[in-house]
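Reader: Before we begin, could you take me through how one reads the helices and the buried positions of a model such as this?

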Amino acid sequence: MKLSQIIMLGWIFIISNQKFITDILNINYDQIESIDSIKNSDHSLNFFVKLKPLSNLKCPYCDSCHIVGNGFTKRKLIHSTLVNRKCLIFYKRRRYLCKDCSSSFSEKNPFINTGESVTLETKINVLKDLKFVANTYSAVAARYNISVTKVIQIFDKHVDIKRKPLPEVLSIDEHFFPQSNYDSLYMCIFMDFITGEIVDVLPDRKKAYIANYLSAIRAQTLNKYTNKSELHNVKYVSIDLYDNYRDIAHIYFPKAIVCADPFHVLKHLIEGFNQVRLRCRRETQDEDIQYLLTKFKNIFKSGSTWTTKPNTTKDSSGI
Ligand SMILES: [Zn+2]
């Protein structure tokens with residue numbers, strides 16, 4: 001092979017490699033001042049990137065053109081465009097200083113526009129995957145080498161699911177959600193009691209949050225001629241035994257009938273019954289009554305054939 005052919009092949013390799021890198025980073029090669037890549041022993045890739053300084057810069061605060069360089073900040077960014085391996089960008093981001101207003105600011109770039117550590121490209125990939133209901137948060141997090149919490153944050157920040165209209169019979173309940181980014185670990189769920197359809201999910205169950213939420217609905221849907229809003233559609237409000245929900249229901253749905261939902265009523269009754277049963281069992285010396293209070297379920301199972309006496313054979317039924 002001639003020397004010129006070897007040089008040509010070398011150039012083709014360099015150009016292909018550059019294109020591969022710029023494609024991965026979603027960037028034009030003209031923008032790059034320096035770039036290095038390292039393949040680690042676990043096959044993950046690290047890129048060390050510095051962009052060229054831009055000309056004709058203007059201060060974003062006062063529009064002045066008197067801009068000077070003000071050093072760099074180093075950012076470590078998760079950039080998961082390759083789903084089979086982890087990819088990090090160590091980005092040396094330029095800072096600038098405005099000589100007129102003394103404000104400092106960072107250069108624009110194709111990776112991030114906030115103080116976050118996940119690149120825009122990664123976020124787009126995450127959101128594309130989350131469009132398919134079969135993809136769980138955990139699966140997407142594992143695929144893009146980020147935490148489940150981060151995936152949920154991306155989803156919550158960029159996806160705005162419109163609520164459904166308030167139903168005639170509204171159920172307000174809560175759900176424990178330890179991964180919550182909010183102060184509350186409980187979400188508040190608005191549901192159509194008749195159809196079981198979820199109307200909306202609020203990230204907080206505190207009274208002030210729900211009050212703000214319902215106030216906004218009232219303000220947005222108020223008909224100034226009838227002085228009625230969407231809140232007037234609700235005729236019944238079903239709640240658990242949480243005081244805040246009851247107070248909210250009385251304030252925002254004054255014409256509606258507020259009732260405790262059967263599940264929580266039954267749960268409350270069973271807990272009360274068990275407390276009384278066990279207290280009576282502790283206090284009585286009568287062995288027959290002790291037996292009945294311990295094996296009280298036998299009464300319901302055996303009907304008219306139940307006996308107050310312990311069976312000679314071992315009874316396996318629980319309390
Ligand atoms: Zn300025």
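Reader: How many helices and strands are there in the protein chain?

Author: Helices and strands are DSSP runs numbered from the N terminus, helices being H or I over at least four residues and strands E over at least two; by that rule the protein chain has nine helices and ten strands. This is a predicted model, in which local features need pLDDT of at least 70 and side-chain atom pairs count only at pLDDT 80 or more, while totals for chains, interfaces and linings use all residues. Residues are numbered from 1 along each chain as its sequence is written, and side-chain values use heavy atoms, with hydrogens and water left out.

Reader: Which residues of helix α6 are buried, and why do they line one face of the helix?

Author: An α-helix has 3.6 residues a turn, so residues three or four places apart point the same way. Buried means under 20% relative accessible area (1.4 Å probe, protein chains only), and in α6, residues 243-252, this applies to Asn244, Tyr245, Ile248, Ala249 and Tyr252. Seen down the axis of α6, these residues fall within an arc of 130°, taken from the directions from the helix axis to the C-beta atoms, so they line one face.

Reader: What do the buried residues of α6 pack against?

Author: With contact meaning heavy atoms within 4.5 Å, they pack against strands β6, β7, β9 and β10 and also against helix α5.

Reader: Is Asn125 buried or exposed, and which residues does Asn125 touch?

Author: Asn125, found in helix α2, is buried, with a relative accessible area of 15%; leaving aside residues up to four places away in sequence, Asn125 touches Ser80, Thr81 and Tyr144.

Notes: Buried < 20%, exposed > 50% of the residue type's maximum accessible area, 1.4 Å probe, protein only.
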